[in-house]
Amino acid sequence: MSQLSIGFIGLGTMGEPMATRLAQAGLNLTVFDLNEATVDRLVALGAKRADSPASVASQAEIVFASLPTPDVVQKVALGDQGVSSGSKVRIFVDLSTTGPRTAKLVAESLEKNDIVAVDCPVSGGAAGAAKGTLALMASCPKAIYDEVKPILDNLGKLIFCGEAPGLGQTMKLVNNLVSLTALAVSSEALVMGVKAGLDPQIMLDVFNAGSGRNSATADKLPRAVLPRTFDFGFTTGLSLKDTRLCLDEAEAMGVPMPVGSAVRQVLNMTRAAYGDNADFTRIVCLFEQWAGVEVPTRPKP
Ligand code: NAD
C-alpha cells in the first residue's frame, strides 16, 4: 500500500489526527492546509508539503479532505488551484460534513475531469480520529469504495451507504441531529435534577445504567461538563452548521422536523451567548442561567 500516493487537505481538529494515522501507517502522503504549523507537524512525520490543493492533486492519486464548510469544500475541490486542476488525482474523498447538495455538485463537477468523488463524512470526534475509532459513512460507486476501503480502515469503522452521491452526507446529518438532540435534552435534564438536589454524577450513573443512556450521558457530559472544562472538541458554530444543513434538506424534501428545529434554536442561543468557537457542551450553561444553578464540578473520569 505504501506505493499508492495519497493527499490530505485540511489538517484541523479532525484532519490532523486522521492524516497522522495515515502517515503512521506508512502511506505516501502529501498534505496542504492554510495553517503552516499543522503542516509542519505532518511533515515531521514524513509527509510531503504542497502549496495548493492543485499541487496535492498533481502528486496524489487519491485526495482526502477534512474542511470546515460547504463553501470551503467547493473552493478547494473546484476553485482556482483546486483539486480539479490536479494532473494525477483519480479519486476525491470528502471527509467533511457538507450536506448532500454539495456532495452532488462536487461529484458532478469532478466527473467532468474524470475524478470520482466519494462523500465520506465521519462521526466520533477528535478522540475517535486520534484512536482510529471513527464511524465513516461512504457513498460512491462500489468499485471505488473497494479501492479506498483499505486506506479508510485505518481511521475507524467504514459503512457503505449506497452508490448515489450525498447518501453518506444525509446519513451524517441525521446522525448529528440525533446526537445534538441528546446533548440538548440531557443538559436541560441535568440542570433540572441539580436544582432539585440531585448529585450530577449520580444522575449520570442512573442514566447510563438505565433507559436515559445516550452519547451525551455516556461521554460528553462526564468528559467536558462535569469537570467544567467545556473542551469536548466540537464547536458550536460547526454544530449549528450541521443542524442547519439537516433542517434545510428536510424542508426541501417536505419533511417537518419540529424537535430538530428546537435544537437549532438552542444552538443559536448558545452561539449568541458564547460565540461560534465555544465548545458545543456550553449548551448546559444556557440552562444553568435560566435555572439559576450551576452543575457542581466533578473530576474527569
Ligand atoms: P477545523 O476548523 O478544526 O479544521 C479545518 C481545517 O481546514 C483547518 O486546519 C483550516 O486551516 C483548514 N482550512 C480551512 N480553509 C482551508 C482552505 N481553503 N484550504 C486548506 N485548508 C483550509 O474543523 P474540524 O473540527 O477539523 O472539522 C472538519 C470537518 O469535519 C467539518 O466539516 C466538521 O463539520 C466535520 N466534523 C468535525 C467533528 C469534530 O468533532 N470536530 C466531528 C465530525 C465531523
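**Exercise 1. The shell around the ligand**

Which helices each supply at least two residues of the shell around the ligand? Find them, then describe the shell in this predicted model.

*Solution.*

Step 1. Begin with the helices: H4 (70–78) and H11 (236–253) each give at least two residues to the shell. The largest share comes from H11, with three residues.

Step 2. Now look at the residues themselves. There are 23 residues around the ligand, and Thr13, Met14, Asp33, Leu67 and Lys241 come nearest.

Step 3. Sort the shell by chemical character. You should find 11 nonpolar, eight polar and four charged residues.

Step 4. Check the domains. Domain 1 (5–164) and domain 2 (170–291) each contribute at least three residues to the shell around the ligand.

**Exercise 2. Polar partners of the ligand**

Find where oxygen atoms of the ligand lie a short listed distance from Met14, Thr97 and Lys241, and decide for each residue whether backbone or side chain is involved.

*Solution.*

Step 1. Take Met14: a polar atom of its backbone is 2.8 Å from an oxygen atom of the ligand.

Step 2. Move on to Thr97. Here, too, the partner is a polar backbone atom, and an oxygen atom of the ligand is 3.0 Å from it.

Step 3. Finish with Lys241. This time an N or O atom in the side chain is 3.0 Å from an oxygen atom of the ligand.

Step 4. How much of the ligand's accessible area does the protein cover? On its own the ligand has 830 Å² of accessible area, and the protein covers 86% of it.

**Exercise 3. The cavity**

Search the whole structure for cavities of 30 Å³ or more and describe what lines the largest cavity.

*Solution.*

Step 1. Count: the search finds one cavity of 30 Å³ or more. The largest cavity holds about 80 Å³ of space.

Step 2. List the lining. It has 13 residues, and those closest to the centre of the cavity are Ala103, Val106, Ala117, Val118 and Asp119.

Step 3. Match the lining to elements. Strand S5 (91–94), helix H5 (100–111) and strand S6 (116–119) give two or more residues to it, and H5 has the largest share, four residues.

Step 4. Sort by character: eight of the lining residues are nonpolar, three polar and two charged.

**Exercise 4. The second largest pocket**

What is the volume of the second largest pocket, and which residues line it?

*Solution.*

Step 1. The volume of this pocket is about 150 Å³.

Step 2. Residues of its lining include Ala107, Glu108, Glu111, Ser139, Cys140, Pro141 and Pro165.

Step 3. H5 and S6 each supply at least two residues of this lining. The largest share, three residues, belongs to H5.

Step 4. By character, the pocket lining divides into seven nonpolar residues, one polar and three charged. Well done!

Key. Residues numbered from 1 in each chain as written. Predicted model: local features only at pLDDT ≥ 70, side-chain atom pairs only at ≥ 80, totals over all residues. Heavy atoms only, no water. Near = heavy atom within 4 Å. Polar contact = N/O pair within 3.5 Å; in protein donor to acceptor, adjacent residues only side chain to side chain. Areas by Shrake-Rupley, 256 points an atom, 1.4 Å probe, with all protein chains shown as cover. Nonpolar A, V, L, I, M, F, W, Y, C, P; charged D, E, K, R; others polar. Domains from an automatic or database assignment. 1 Å grid on protein atoms, 1.4 Å probe; cavity = no way out; pocket = protein on both sides within 12 Å on 5 of 7 lines; lining within 4 Å. Points joined across faces, edges and corners; volume = space filled by probe spheres on them.
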